[in-house]
Amino acid sequence: MLEHALISGAYPSRVGFSGSITSRNMVRALMCLELILNAVNINPVTFSNYFDNQQIKGEIFSISIIAIAAAEAAIGLSIVPVIYRNRKSTRIDQFDLLKW
């Protein structure tokens, strides 16, 4: 059971890492980052249930990761329309608005 849960968390993190490295679109990179954070959430819940079934420390830690991911998504997805309005593109390699 433990190995299956860890493998099911490893595959989405691998897809997320490869997608965030190779994607040129900003929205796709943010989605891959969300996929990585959700894949990371599987591990504390799995270990919490495997080692101590009475306490919910892993679940609480996962909720905090979900809150951080929601804040990241809100900030990232609010920056995307502004960049698109100025540059007419959401490509990461053309993202140089913050340079002096």
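Start by selecting Ser18, which is partly exposed because its relative accessible area is 37% (buried is under 20%, exposed is over 50%, and partly exposed is in between, with a 1.4 Å probe and protein chains only). Before you click on, note that this is a predicted model, where local features need pLDDT of at least 70, side-chain atom pairs count only at pLDDT 80 or more, and totals for chains, interfaces and linings use all residues. Residues are numbered from 1 along each chain as its sequence is written, and side-chain values use heavy atoms, with hydrogens and water left out.

**Stop 1: helix 1**

Ser18 sits in helix 1; helices here are DSSP runs of H or I with at least four residues, numbered from the N terminus. Now add Cys32 to your selection: Ser18 and Cys32 are 14 residues apart along the chain, and their C-alpha atoms are separated by 8.4 Å.

Next, pick Ser13, also found in helix 1, which covers residues 2–22. Is Ser13 buried or exposed? Ser13 counts as buried, because its relative accessibility is 16%. Show its surroundings and, leaving aside neighbours within four places in sequence, you'll find Ser13 in contact with Ile36 and Ala39 (contact means heavy atoms within 4.5 Å).

**Stop 2: along helix 2**

Select residues 26–51, which make up helix 2. If you like a sanity check, take the distance between its end C-alpha atoms: they are 39 Å apart, which agrees with the 38 Å that 26 residues should span at 1.5 Å a residue. That expected span is 1.5 Å times one less than the number of residues.

Colour the buried residues of helix 2, among them Ile36, Ala39 and Thr46. What covers the buried residues of helix 2? The cover includes helix 1 and helix 3.

Zoom in on Thr46, in helix 2. Thr46 is buried, because its relative accessible area is 13%. Not counting residues up to four places away in sequence, Thr46 touches Leu2 and Ala5.

**Stop 3: the rings**

Now show aromatic side chains. A search of the whole structure turns up two aromatic pairs. One is Phe47 with Phe51, a stacked pair at 5.9 Å centre to centre and 10 degrees between the planes. For the cut-offs, rings of Phe, Tyr and Trp (its six-membered ring) pair if their centres lie within 6.5 Å; planes under 30 degrees apart count as stacked, over 60 as edge-to-face, and the rest as tilted.

Phe47 and Phe51 both belong to helix 2 and are four residues apart, about one turn of the helix. Phe47 counts as partly exposed because its relative accessibility is 34%, while Phe51 is exposed, with a relative accessible area of 62%. Tyr50 and Phe51 form an edge-to-face pair, 5.0 Å centre to centre with 80 degrees between the planes. Select Phe47, Tyr50 and Phe51 together and you have a cluster linked by ring pairs.

**Stop 4: over to helix 3**

For the last click, choose Arg85 in helix 3, residues 57–87. Arg85 counts as exposed because its relative accessibility is 56%. Then draw a line from Arg85 to Met31: the two are 54 residues apart in sequence and 20 Å apart in space, C-alpha to C-alpha.

Note on methods: Helix = DSSP H or I, 4+ residues; strand = E, 2+ residues; numbered from the N terminus.
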